[in-house]
Amino acid sequence: QVHVVESGGGLVQAGGSLRLSCAASGRATSMYAMGWFRQGPGKEREFVSAISWSGRSTDYADSVKGRFTISRDNAENTVYLQMNSLKPEDTAVYYCAAAITIFSSTYFVSVQEYQYWGQGTQVTVSS
């Protein structure tokens, strides 16, 4: 059992920045690939970004490439999503997810591949 908690959401004007944090705990001996997903009003949950345990492999949805950066601090079991140049279409509930893996270089981009999810944090970008 892994406990995942997101934080850092809020209200920001278009063009602004936010940094989301995700702390995972419960299985200290395991490696976790981590991902960020978001779900806007009336939309399906969609992939935003992912990072491997090693931090050397990352991926981003086309809609956020060049604006968002995912990183992690394994010593703190924390993953970050730095969001810059925010747009109104980025408005959504952002979810952090963890997937236990034995491969340090792998990451996942599908909702179904993650076992543990946070409660979500609201990001609202105003025009």
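In this predicted model, Ala-97 of one strand has Trp-117 as its bridge partner in β10. The pairing behind this contact joins β9 to strand β10 (residues 116–117) in the antiparallel sense, over two bridges. Ala-97 also takes part in a second pairing, being the bridge partner in β9 of Gly-35. That second pairing belongs to β4 and β9, which run antiparallel and are joined by nine bridges.

**Strand β9 and its partners**

Strand β9 spans residues 92–101 and pairs with β11 in the antiparallel sense over three bridges. Within this pairing, Ala-92 has Val-123 of β11 as its bridge partner, and Tyr-94 stands opposite Thr-121 of β11. Strand β9 is mostly covered, with eight of its ten residues buried.

Thr-101 lies in β9. Its relative accessibility is 9%, and Thr-101 therefore counts as buried, the cut-off being under 20%. The side chain of Thr-101 makes a polar contact with the side chain of Thr-106 at 3.3 Å. With neighbours within four places in sequence set aside, Thr-101 is in contact with Met-31, Tyr-32, Ala-33, Thr-106 and Phe-108. Thr-106 thus appears both in the contact list of Thr-101 and as its polar partner.

**Strand β11**

Strand β11 covers residues 121–126 and has two faces: Thr-121, Val-123 and Val-125 form the covered one, while Gln-122, Thr-124 and Ser-126 form the uncovered one. Besides its pairing with β9, β11 is joined to strand β2 (residues 10–13) by four bridges, and these two strands run parallel. Here Leu-11 has Thr-124 of β11 as its bridge partner. Thr-124 belongs to the uncovered face, whereas Val-123, the partner of Ala-92, belongs to the covered face.

**The sheet containing β3**

An open sheet of four strands follows the order β1-β3-β8-β7, with antiparallel pairing. Its edge strands are β1 (3–7) and β7, each of which pairs on one side only. On average, neighbouring strands of this sheet are turned by 15° against each other, direction ignored. The pairing of β1 with β3 is antiparallel and runs over five bridges; within it, His-3 stands opposite Ser-25 of β3.

Ser-21 is found in β3, which comprises residues 18–25. Ser-21 counts as buried because its relative accessibility is 16%, below the 20% cut-off. Leaving aside neighbours within four places in sequence, the contacts of Ser-21 are Val-5, Glu-6, Ser-7, Trp-36, Thr-78, Val-79 and Tyr-80.

**The pairings in summary**

The table collects pairings described above.

| Strand pair | Sense | Bridges |
|---|---|---|
| β4 and β9 | antiparallel | nine bridges |
| β1 and β3 | antiparallel | five bridges |
| β2 and β11 | parallel | four bridges |
| β9 and β11 | antiparallel | three bridges |
| β9 and β10 | antiparallel | two bridges |

**The disulfide**

A search of the whole structure finds one disulfide. This link joins Cys-22 to Cys-96, with an S to S distance of 1.9 Å. The pair connects distant parts of the chain: Cys-22 sits in strand β3 and Cys-96 in strand β9, 74 residues apart. The angle about the S-S bond is -80°, and the link of Cys-22 and Cys-96 is left-handed. Cys-22 is buried, with a relative accessible area of 0%, and Cys-96 likewise counts as buried at 0% relative accessibility.

**The nonpolar core**

The largest nonpolar core has 37 residues, and those with the most contacts inside it are Val-4, Met-34, Trp-36, Phe-68, Leu-81, Met-83 and Tyr-94. At least two residues of this core are supplied by each of β3, β4 (31–39), β5 (46–51), β7 (68–73), β8 (78–83), β9 and β11. The largest share, six residues, comes from β9.

Met-83, one of the core residues with the most contacts, has neighbours from several stretches of sequence. With residues within four places set aside, Met-83 is in contact with Gly-16, Ser-17, Leu-18, Leu-20, Arg-67, Phe-68, Tyr-94 and Val-123. Among these contacts are Phe-68 and Tyr-94, which are also named among the core residues with the most contacts. Val-123, another contact of Met-83, lies on the covered face of β11.

Key: Residues numbered from 1 in each chain as written. Predicted model: local features only at pLDDT ≥ 70, side-chain atom pairs only at ≥ 80, totals over all residues. Heavy atoms only, no water. Buried < 20%, exposed > 50% of the residue type's maximum accessible area, 1.4 Å probe, protein only. Pairing = 2+ DSSP bridges. Contact = heavy atoms within 4.5 Å. Polar contact = N/O pair within 3.5 Å; in protein donor to acceptor, adjacent residues only side chain to side chain. Core = buried A, V, L, I, M, F, W, Y, C linked by side-chain atoms within 4.5 Å. Disulfide = S-S within 2.5 Å. Axes fitted to C-alpha atoms, helices over the stretch in contact; angles between N-to-C directions.
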